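Trainee: Please take me through one part of this model closely. I would like the cavity search and the charged pairs, with the reasoning spelled out.

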Amino acid sequence: IAVDIGTIAKSCTVWSRRPFLLAPRFPEMINNDPNHDEYKIMQTDSLWSELKIADYLEYFNANRIHNLNPLWLWGALRQGFWDAVNQEGSKAAPAMKLLCAWCQFNWKAIDANPNLRKKAWLQADQAAFVTKNSRLCSACAKGIVDIIVAPNAEFSSDAVTFPQVLGENLDYFDQPQSRTIVNVDSVICCIGYETTCPFLDIDDLGICLDPRTWFKHCFPPNLGHKLAFIGWARPHQGGIPAAAELLARYHALIVAGKKDLPENYAQIGMDEGKAESEFYFLSPNLKSLVDYPSFADSVAKLIGCKPRMPMPFWSPSMFFKYWIYPMWPCWYRLRGPGANPQAANLVLKTRFPISRFGFTSINPVPTILTGIVSCFQTFVNTITFLFRGGTKGANIGKNYLWNRSKYFVLHGNSVFTLF
């Protein structure tokens with residue numbers, strides 16, 4: 001909305017109460033092209049159809065090999081990249097510089113607790129929700145909109161004052177600054193949202209409208225056998241439809257009498273919800289947030305459709321894709337209830353053969369490094385699971401940044417069912 005307004009208004013300022021994280025759908029393109037238009041790519045078939053696997057954001061955050069790395073490496077790679085983009089002499093496009101600077105505002109704004117600041121640095125883009133859209137930073141780089149990050153604002157008849165500005169466009173301030181915008185014509189507020197369920201008597205049924213109290217963000221305690229909320233799992237990386245489809249398939253199997261909820265599903269839901277709240281500590285109010293790779297596999301295991309790792313000698317191309325390609329929903333149609341291998345392979349083999357992978361200037365080093373570290377991390381994971389009993393329980397533990405892969409931090413997956 002702000003970008004559309006900015007294209008016709010004399011000036012337009014976006015105010016955010018806290019630092020935010022944006023992710024570009026096509027990292028390589030926004031990094032190299034000052035005129036990159038994300039929406040144009042999405043709307044133009046001739047451009048969209050030519051994209052390589054490595055052009056997509058999901059290659060960096062939703063494939064198996066990257067999610068096998070520990071969080072300290074996940075965060076260090078991103079922090080290193082964000083730093084490099086804004087170093088003197090960097091050839092990155094202005095929009096990418098803005099995006100990286102805004103991502104780093106998240107940990108820089110934490111002053112009161114050094115340990116929390118360190119944790120936020122190591123988790124990088126994993127401590128808070130991310131908006132997958134680079135349109136705002138592109139507009140800011142072109143002067144279409146301005147960005148102000150400040151905890152509060154004071155409004156008068158035709159002016160807005162921000163007494164404690166933490167960041168403005170590309171700049172982060174060690175000491176808060178004051179800014180006043182005058183001759184303001186209109187203020188558009190994006191506030192006041194609340195969760196309601198008017199079609200159910202939630203008090204009578206004893207339903208807490210917090211998806212982190214429901215098993216897999218779907219089945220509320222004591223009612224899971226007859227009530228399911230589909231669409232309350234919001235992947236940190238990936239889209240709601242992908243998670244919703246898996247939950248809908250599981251629910252359909254339960255209704256058909258072909259699957260059952262775990263006997264202690266209510267307690268599992270509560271424990272996993274507490275772990276999620278501890279993990280996503282910079283977004284305490286977004287209760288629907290889940291980690292897509294580990295969440296998707298955890299639900300797929302319940303369904304019986306979790307993909308098996310192809311043998312490298314029998315099917316080297318599928319082995320490569322299993323580890324390197326994004327964990328698209330089609331992977332969960334290869335086997336089990338509702339399987340449709342023909343449709344899955346239309347995507348995995350016909351639409352995206354190996355020839356459409358495509359290394360870019362951004363990805364070779366992270367891919368090689370994560371591949372090497374993941375081999376060692378597999379050993380660390382095994383030790384952790386043997387001596388700590390896996391990841392089950394409400395407390396994810398103080399050593400979760402290094403003692404297991406990111407994939408095993410949330411949602412109860414076991415290292416012994418990885419393959």
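Mentor: Start with the cavity search. Across the whole structure, one cavity of 30 Å³ or more turns up. The largest cavity has a volume of about 30 Å³. Its lining consists of P211, R212, W214, K216, H217, G269, E272, G273 and E276. By class, that lining has two nonpolar, three polar and four charged residues.

Keep in mind that this is a predicted model. The mean pLDDT of the protein chain is 90, and 96% of its residues reach 70 or more. Confidence varies by element. Helix α12 (residues 240-255) has the highest mean pLDDT, 97, and helix α17 (residues 364-388) the lowest, 79. Where pLDDT is low, the predicted coordinates should not be read in detail.

Now the charged pairs. Side chains of opposite charge can pair when their charged atoms come close. The search of the whole structure finds 10 salt bridges. Here are some of them.

E58 pairs with K132, with the closest N and O atoms 2.5 Å apart. E58 belongs to helix α5 (residues 57-61) and K132 to strand β3 (residues 130-132), so this salt bridge ties together parts that are 74 residues apart in sequence. E58 has a relative accessible area of 15%, so E58 is buried. K132 has 29% relative accessibility, so K132 counts as partly exposed.

Next, R64 forms a salt bridge with D297, the closest N and O atoms being 2.8 Å apart. R64 sits in helix α6 (residues 64-67) and D297 in helix α14 (residues 292-303), so the pair links parts that are 233 residues apart in sequence. R64 and D297 are both buried.

Then comes R78 with D125. Their closest N and O atoms are 3.3 Å apart. R78 lies in helix α7 and D125 in the loop between α9 (114-123) and β3, so this pair ties together parts that are 47 residues apart in sequence. Both R78 and D125 are buried.

R78 leads on to helix α7. Besides R78, the buried residues of α7 are L71, L73, W74, G75, Q79, W82 and V85. The geometry can be checked as well. Helix α7 covers residues 71-85, which is 15 residues. At 1.5 Å a residue, α7 should span 21 Å; the C-alpha atoms at its ends are 21 Å apart, so the two agree. An α-helix has 3.6 residues a turn, so residues three or four places apart point the same way. Read the buried list of α7, with L71, W74, R78 and W82 among its members, alongside that rule.

Methods. Residues numbered from 1 in each chain as written. Predicted model: local features only at pLDDT ≥ 70, side-chain atom pairs only at ≥ 80, totals over all residues. Heavy atoms only, no water. Helix = DSSP H or I, 4+ residues; strand = E, 2+ residues; numbered from the N terminus. Expected span 1.5 Å × (residues − 1). Buried < 20%, exposed > 50% of the residue type's maximum accessible area, 1.4 Å probe, protein only. 1 Å grid on protein atoms, 1.4 Å probe; cavity = no way out; pocket = protein on both sides within 12 Å on 5 of 7 lines; lining within 4 Å. Points joined across faces, edges and corners; volume = space filled by probe spheres on them. Nonpolar A, V, L, I, M, F, W, Y, C, P; charged D, E, K, R; others polar. pLDDT = per-residue confidence, 0-100. Salt bridge = Lys/Arg side-chain N within 4 Å of Asp/Glu carboxyl O.
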